[in-house]
Amino acid sequence: NDYLNCFLLAAVEVPAYTVAWIFLQWCSRRVTFSSILLIGGALLIVIQFIPASISGLVTVLVMSGKLSTTCGFAMIYVYTAELYPTAVRNMGIGVSSMASRLGSIISPYIFYLGVHHEFLPFTLIGILTAFSGILVLFLPETFNAPLPDTIDQMQKIRGFKCGRTHNNHFHFNKKGKLEHRAQNVEEI
C-alpha cells in the first residue's frame, strides 16, 4: 500500500530524530555516526537477499534503513559544525550543504537504475552509505572537545594534521602588494 508506506516513511523520522538527539548528548560523535551509517548501508544491501514473498520484512528493513539514515542526517550538521573552526564555520557548513544538495539532485537518477535490476538502487546507496561510514572514522572526535577558533587550532587536532602547511606564507606588504615569504621546515 503506497499510502501506508508514505505514512511509515514520515513516521519513522520522529524516533530517528529522538535517537539522534540522545546519541549527540551522550555518545562519541565519530563512532556513533560511523556506526549509524554502517548499519544503514548494511540494511540497504541486505534487502536484495530477502525473498519477494516476505514483503513485510523488506518493509521493516527499508524503514530501519530510513531510520538510521535520518538519524545520521540529523547528526551530520552538529558534527560538521564542530569540525570547522569559528573563522570558517559558516562557509564550511555552506559548502558542505551545497555538496549534499548536489547529491540530492543526482539521487533521483540512481533510482532509475531499478529498471535494470529491482534492488540495484538499494545496493548502490547501501554501498555508498557504508563507505561513508568507514571514511568518518578518519575524522577527529569532537565530543566534549573545545571548538577550534582558528585554522591553526584546527590543524593541531589529531586527524587534521597537514604536513608542511606553513612553509609558504603570503602576506600583504605596506604598499598593498601580495608577497611570498618561504620558511624553512626547521623554523616551524
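## Helix H6

The expected span of a helix is 1.5 Å times one less than its number of residues. In this predicted model, helix H6 has 17 residues and should therefore span 24 Å, a value that agrees with the 24 Å between its end C-alpha atoms.

The buried residues of H6 are Pro 121, Thr 123, Gly 126, Thr 129, Ala 130, Gly 133 and Val 136. The elements that cover these buried residues include H3, H4 and H5.

## Aromatic pairs

The count of aromatic pairs comes to five. One of them joins Phe 33 and Tyr 79 in a tilted arrangement, with 6.3 Å from centre to centre and 55° between the planes. This pair links distant parts of the chain, since Phe 33 belongs to helix H3 (residues 29-46) and Tyr 79 to helix H4 (residues 55-83), 46 residues apart. Phe 33 and Tyr 79 are both buried.

Phe 111 and Phe 122 make an edge-to-face pair, their ring centres lying 6.5 Å apart and their planes meeting at 85°. Here too distant parts of the chain are linked, with Phe 111 in helix H5 (residues 89-111) and Phe 122 in helix H6 (residues 120-136), eleven residues apart. Phe 111 has a relative accessible area of 46% and is therefore partly exposed, being below the 50% over which a residue counts as exposed. Phe 122, with a relative accessibility of 23%, is also partly exposed, because buried would require a value under 20%. Ring pairs join Phe 111 and Phe 122 with Phe 119 into a cluster.

## Salt bridges

The structure holds two salt bridges. In one of them, Lys 66 is paired with Glu 13, and the closest N and O atoms are 2.8 Å apart. This salt bridge links distant parts of the chain, Lys 66 being in helix H4 and Glu 13 in helix H2 (residues 13-26), 53 residues apart. Lys 66 is partly exposed, at a relative accessible area of 23%, and Glu 13 likewise counts as partly exposed, at 27% relative accessibility.

A salt bridge is also formed by the side chains of Glu 82 and Arg 29, with an N to O distance of 3.0 Å. Because Glu 82 lies in helix H4 and Arg 29 in helix H3, this pair ties together parts that are 53 residues apart in sequence. Glu 82 and Arg 29 are both buried.

## Thr 80 in helix H4

Thr 80 is placed in helix H4. Its relative accessible area is 13%, so Thr 80 is buried, the cut-off for that class being under 20%. When neighbours within four places in sequence are left aside, Thr 80 is in contact with Ile 93 and Ser 96.

## The largest pocket

The largest pocket has a volume of about 1400 Å³. Its lining is made up of 37 residues, of which Leu 37, Thr 69, Phe 73, Ile 125 and Thr 129 lie nearest the centre of the pocket. Thr 129 is also among the buried residues of H6.

The elements that contribute two or more residues to the lining of the largest pocket are H2, H3, H4, H5 and H6. Of the contributions to this lining, that of H5 is the most, with twelve residues.

Definitions and conventions
Residues are numbered from 1 along each chain as its sequence is written. This is a predicted model: local features need pLDDT of at least 70, side-chain atom pairs count only at pLDDT 80 or more; totals for chains, interfaces and linings use all residues. Side-chain values use heavy atoms; hydrogens and water are left out. Rings of Phe, Tyr and Trp (its six-membered ring) pair if their centres lie within 6.5 Å; planes under 30 degrees apart count as stacked, over 60 as edge-to-face and the rest as tilted. Helices (H or I, at least four residues) and strands (E, at least two) are DSSP runs, numbered from the N terminus. Buried means under 20% relative accessible area, exposed over 50%, partly exposed in between (1.4 Å probe, protein chains only). Contact means heavy atoms within 4.5 Å. A salt bridge is a side-chain nitrogen of Lys or Arg within 4 Å of a carboxyl oxygen of Asp or Glu. On a 1 Å grid over the protein atoms alone, a cavity is a set of points where a 1.4 Å probe fits but cannot get out, and a pocket is an open set with protein on both sides within 12 Å along at least five of seven lines; lining residues have an atom within 4 Å of a point. Grid points are joined across faces, edges and corners, and a volume is the space filled by probe spheres set on the points.
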